[in-house]
Structure formats: structure tokens, C-alpha cells
Amino acid sequence: MMARSDGMKQMDGYKTGENYAYLGLPPHFLIFDEYVAFMAMIGKESTKVLSKLKQIVMLGRQAGYFLILACQRPDAKYLGDGMRDQFNFRVALGRMSEMGYGMIFGEVQKDFFLKPIKGRGYVDTGRSVISEFYTPVVPKGHDFIKEIATQMANPNK
């Protein structure tokens, strides 16, 4: 990420204030599933991991590096020092407590309703407007790795 950031400044067409997309560079995504469980499992080593992830979150957007975290409960212990505020797209799925919604969306004046609908939740797309959200139901046995490989091989489809 840091090398790319430095390299962008050397590229033809570089303009201060523009980002990776302006230069025609593809984005990169780090997907971290079961984030809080992993951080709890590694104990005091979690501070080193948190430090590196914080760099990606705070500095990566301009260079096209994005962090996607998935967890059961976005505990502040593992999202400290304003890191949580840098996440623009937030999704809460399933049954959550009021505290859980507060952890994801912050202090908002919104009534959250628990409807027994599979794949239902709430989303904030970065505009501070929380809307009801429905995910597609993925068929049992779906091969995500194969699908990702297909998408990467044919990115314009």
C-alpha cells in the first residue's frame, strides 16, 4: 500500500488530491472474516495486528486499499482510536441488541425492528442514512472460491 502510494506520485497524470481510480488503478480488498474472534484468540499480539489494520483504514483509501471486516459484534476494544469512524459502508444482519446497532451505526435516532426474515438487516452506505437491507440467499453448497476465480478471470462481465 505504501509503495503504491509512493508510485502513484511518480505516475504520468498524477494530480494532488486525486486517487487510485483517477490514475486507472484497480482497487485491492482485504477481507477479514470473524475479525473479533481472531483478535481475541491471538491475545496481546492483537495490538500489532490492529496497528497495521489501522494504517490500511486510515491511509489506504487514497491508494485503493480497502478493509472489509466481518464479525458477530464490532467491539470497540478491537476497533479503537477512531478506526471505526473510517468505515463508510456498514451492514448489520440478523438479530442484534440495541447496543450492537449502536456499535455499528453510532448514536442515531432510529427504531430498529426485529423481523424474522432471513437475510434482513440494516445498512448505512456512508450517507448517515440507515435503511432496511436484504441480502440474497446463497444456495447451500455454493463455491465462493470458484465464483471469485471466475469473476477475476472475466472482470468485465
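Biologist: What share of the 157 residues in the protein chain is buried?
Modeller: Keep in mind that this is a predicted model, where local features need pLDDT of at least 70 and side-chain atom pairs count only at pLDDT 80 or more, while totals for chains, interfaces and linings use all residues. Residues are numbered from 1 along each chain as its sequence is written, and side-chain values use heavy atoms, with hydrogens and water left out. "Buried" stands for under 20% relative accessible area, "exposed" for over 50% and "partly exposed" for in between, using a 1.4 Å probe and protein chains only. On that scale, the buried share is 25%.

Biologist: Which helix has the highest confidence in the protein chain?
Modeller: Confidence here is pLDDT, the predictor's score for each residue from 0 to 100. The chain averages 88, and 99% of the residues score at least 70. The lowest mean, 84, belongs to α4, while the top value of 94 goes to helix α1.

Biologist: In what order do helices and strands follow each other along the sequence?
Modeller: Both are DSSP runs numbered from the N terminus: H or I of at least four residues for a helix, E of at least two for a strand. The chain has five helices and five strands. Read along the sequence, they give α-β-α-α-β-β-α-β-β-α.

Biologist: Which element gives the largest share of the lining of the largest pocket?
Modeller: A pocket is an open set of points on a 1 Å grid over the protein atoms alone where a 1.4 Å probe fits, with protein on both sides within 12 Å along at least five of seven lines, and lining residues have an atom within 4 Å of a point. This one holds about 1,000 Å³ of space, and of its 34 lining residues, I68, L69, F89, R90 and V91 are the closest to its centre. At least two lining residues each come from β1, α3, β2, β3 and α4. The largest share, five residues, is from β2.

Biologist: How many charged residues line the second largest pocket?
Modeller: Its volume is about 590 Å³, and β1 and α5 each supply at least two residues of the lining. F29, I31, F144 and I148 are among the lining residues. The split is 10 nonpolar and two polar, leaving a charged count of none.

Biologist: Is R120 buried or exposed?
Modeller: R120 sits in strand β4, where its side chain makes a 2.8 Å polar contact (N or O atoms within 3.5 Å, one able to donate a hydrogen and the other to accept it) with that of Y122. Leaving out residues up to four places away in sequence, R120 also touches L93, G94, F113, K115, E132, F133 and Y134, with contact meaning heavy atoms within 4.5 Å. Its relative accessibility is 4%, so R120 counts as buried.

Biologist: How far apart are the C-alpha atoms of L114 and R95?
Modeller: L114 lies in the loop between α4 and β4, and at 41% relative accessibility L114 is partly exposed. Beyond four places in sequence, L114 touches R95, M96 and Y101. Although L114 and R95 are 19 residues apart along the chain, their C-alpha atoms are separated by 6.4 Å.

Biologist: Which residue's backbone oxygen lies 2.8 Å from a polar atom of the S46 side chain?
Modeller: S46 is in helix α3 and is buried, because its relative accessible area is 10%. More than four places away in sequence, S46 touches M39 and Y78. The backbone oxygen in question belongs to G43.

Notes. Points joined across faces, edges and corners; volume = space filled by probe spheres on them. Nonpolar A, V, L, I, M, F, W, Y, C, P; charged D, E, K, R; others polar.
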